[in-house]
Amino acid sequence: MRKVKAFLLTITLVSPLFCGCQKQDGTPDDDANAIPQLVNHIQQCSRLYTTDYRIHKVVMVQADKQLETSFLGVGFNVPLGERRLLIPMEATLKGYIDFSNFSEDDIENDGEKLTITLPDPEVMLTSSRIDHDGTKQYVSWYLSNFDTTEQTAHAAKGRQDIIDKVKNDSQQKRHIVEAARQNAANLLIPLISRMGFDEQNITITFRQDFSFENLKIHID
Amino acid sequence: MTKEQKNLIIGTLVALAVFGTVAFFVVKAIINKVGDAAPKIGVTTTVSYAQTPIIIKSIRHIGQWEFMTITDEEVVERSRKNLILSDDKLVRIYYGTLRLGIDLEKLREDAISTQGDSISMVLPPVQLLDDDFIDEALTKTFYESGEWDAKIQKEMYDEAKNIMIRYAMNVENQEQTRQLAETQMRQLLQGLGFRHITISFESR
């Protein structure tokens, strides 16, 4: 009860700040006393996303409660009840080519043949989404349900599993690299041919020493 | 009340106070002394995750060229009145990364015209490249009292999304993204040998 009162007092004290402050780029909100600092920032970039992967996972959690006690130095665990949670979730990964450091030096044009050397493909986790309708929990009647904090913490574990799977699965990485390369070529060759170049004379290449094992996986 | 009765009452109260104080310190000393040896009791939670597969639901070829990334965090609140107990409240912080750029797959058939070393290009309008930009698994609950169902959580997600879109898709950001797109495209076209370059954007 004291905790709730303290919270309400804090909310009351900071509410004028909520009304009065305007967000500006790169500056955190003024209400640092109440809510963790909010960050908004803008970054320039040049990334060509060529492949979009929608990945599905169901997180299955068993968080059973037990009573731990000891008597005469001997420990006992007494099961108190079951708490089970199922969270279906989806994550989006995108394969892309980063053009930030791309320059005219990467284009060879001898008047007839055109060769473009593209930067290495990379991959980024761009979003994750919890299926709230599909989330199910099975909890003994005398125990408390999973609150939103617990649900999101378990979903974060699912998100990490997806990232680890992509990072550690060579086959998956090879597929992402090849798809990003192929799709970049499929996108750029027709575009350049529309600029008057003969499609037969356009070559899109990538760094020769790049291995799919070196694929960079970015997480925002 | 006689003087003797008064003295008796005062004496009793003093005796009770002294006894209470001594008893308090004795009990405290006993608790401190035997506390470590007393049986311990506590409720623990054992968390385990079942191994579940990761399924690629779809693979889509896209041609989204991103020129501006906006990272945003927004607070969304919900509260509801309770008749007897204190009000329920849920305060959550959502994290999103909004990507602004052009969708090359929307490039019109007649968007490019060339003549010698001159090229004219009409790019698709600057847009938010993907509607799914919130990393919901990273959402933090700042405060929670009461139980909140799936409907409310979806509503809060949508509200956070709308706030972020309003923040990111302002006129200034769109204009800056157009300028960045023009600079990048101009650089590419110069590399391809064009000297007279005209770049414009389709209106929405």
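Me: Which strands does helix α3 of chain A lie across?
Reply: Helix α3, residues 170-193 of chain A, lies across β5 and β8 of that chain. This is a predicted model.

Me: And at what angle to β8(A)?
Reply: The helix runs at about 150° to β8(A).

Me: OK, what is the strand order in that sheet, and is it open or closed?
Reply: The sheet is open and has three strands in the order β4-β5-β8 (chain A). The pairing is mixed.

Me: Why is one side of β4 and of β8 left without a neighbour?
Reply: β4 (107-109) and β8 (202-206) of chain A stand at the edges and have a single partner strand each, so one side of each has no neighbour in the sheet.

Me: How much are neighbouring strands turned against each other?
Reply: By 15° on average, with direction ignored.

Me: Parallel or antiparallel for β4(A) and β5?
Reply: Antiparallel, over three bridges, with β5 of chain A covering residues 114-118. One bridge partner pair is Ile107(A) with Ile116(A) in β5(A).

Me: Switching to the core. How many residues are in the largest nonpolar one?
Reply: It has 60 residues. Those with the most contacts inside it are Leu48(A), Met89(A), Leu93(A), Ile97(A), Ala184(A) and Leu100(B).

Me: What does Ile97(A) touch?
Reply: Leaving out residues up to four places away in sequence, Ile97(A) touches Leu48(A), Thr50(A), Leu118(A), Pro119(A), Pro121(A), Ala180(A) and Ala184(A).

Me: Last topic, confidence. What are the ipTM and pTM?
Reply: The model scores ipTM 0.74 and pTM 0.76.

Me: What is the mean pLDDT of chain B?
Reply: The mean is 89, and 93% of the residues of chain B reach 70 or more.

Technical notes. Residues numbered from 1 in each chain as written. Chains lettered and ligands numbered in written order. Predicted model: local features only at pLDDT ≥ 70, side-chain atom pairs only at ≥ 80, totals over all residues. Pairing = 2+ DSSP bridges. Helix = DSSP H or I, 4+ residues; strand = E, 2+ residues; numbered from the N terminus. Axes fitted to C-alpha atoms, helices over the stretch in contact; angles between N-to-C directions. Contact = placed C-beta atoms within 7 Å. Core = buried A, V, L, I, M, F, W, Y, C linked by C-beta atoms within 7 Å. Buried ≥ 20, exposed ≤ 12 C-beta atoms within 10 Å, placed from the backbone. pLDDT = per-residue confidence, 0-100.
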